[in-house]
Amino acid sequence: MGRSDIIIRSAPYEGIAIIIETKVADSYGQLEEKAFQALAQIEEKQYDAGLRSEGYHTFIKYGIAFFKKLCRVHVNE
């Protein structure tokens, strides 16, 4: 169990939460890998577990990697 970088929650009765994890890449070539690592980290560290216990049931998960002013985003709904 852990904490993600950013969590956006709807009203509890709607039950929707957005979980965002970010990573910094050392090169443009690492963007893809780092974005997938961020998404995997959300699952591995069960960032949704605490939200589930609060009644949230729908999760949109983003893994975002940055290199300078560029970014790569992967989503898992």
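Student: How many ångströms apart are the mean positions of the positive and negative charges of the protein, and what makes a residue count as charged here?

Tutor: The mean positions of the 10 positive and 11 negative charges are 5 Å apart. Lys and Arg count as positive and Asp and Glu as negative, while His and the chain ends are not counted, and the place of each charge is taken as NZ of Lys, CZ of Arg, CG of Asp or CD of Glu. This is a predicted model, in which local features need pLDDT of at least 70 and side-chain atom pairs count only at pLDDT 80 or more, whereas totals for chains, interfaces and linings use all residues. Residues are numbered from 1 along each chain as its sequence is written, and side-chain values use heavy atoms, with hydrogens and water left out.

Student: Why is glutamine 46 called partly exposed?

Tutor: Buried means under 20% relative accessible area and exposed over 50%, with partly exposed in between (1.4 Å probe, protein chains only); glutamine 46 has 42% relative accessibility, and therefore counts as partly exposed. Glutamine 46 lies in the loop between helix H1 (31-44) and helix H2 (49-53), and has a positive phi of about 50° although it is not a glycine.

Student: Why is lysine 68 called buried or exposed?

Tutor: The relative accessible area of lysine 68 is 73%, so lysine 68 is exposed. Lysine 68, too, has a positive phi, of about 55°, without being a glycine, and is placed in the loop between strand S3 (58-67) and strand S4 (70-76).

Student: How do you know which runs are helices and strands, and in what order do they come?

Tutor: Both are DSSP runs numbered from the N terminus, helices being H or I with at least four residues and strands being E with at least two. The protein has two helices and four strands, which run β-β-α-α-β-β from the N terminus on.

Student: What makes a set of residues a nonpolar core, and which residues make up the largest one?

Tutor: The set must consist of buried Ala, Val, Leu, Ile, Met, Phe, Trp, Tyr and Cys residues joined through side-chain atoms within 4.5 Å. The largest nonpolar core has eight residues, namely Ala17, Ile19, Leu39, Ile42, Tyr47, Leu51, Tyr56 and Phe59, and strand S2 (16-24) and H1 each supply at least two residues of this core. Apart from it lies another core, of five residues, including Ala25, Leu31, Ala65 and Phe67.

Student: Which residues does leucine 51 touch?

Tutor: Not counting residues up to four places away in sequence, leucine 51 touches Ile7, Arg9, Ala17, Ile19, Tyr56 and Phe59, where contact means heavy atoms within 4.5 Å.
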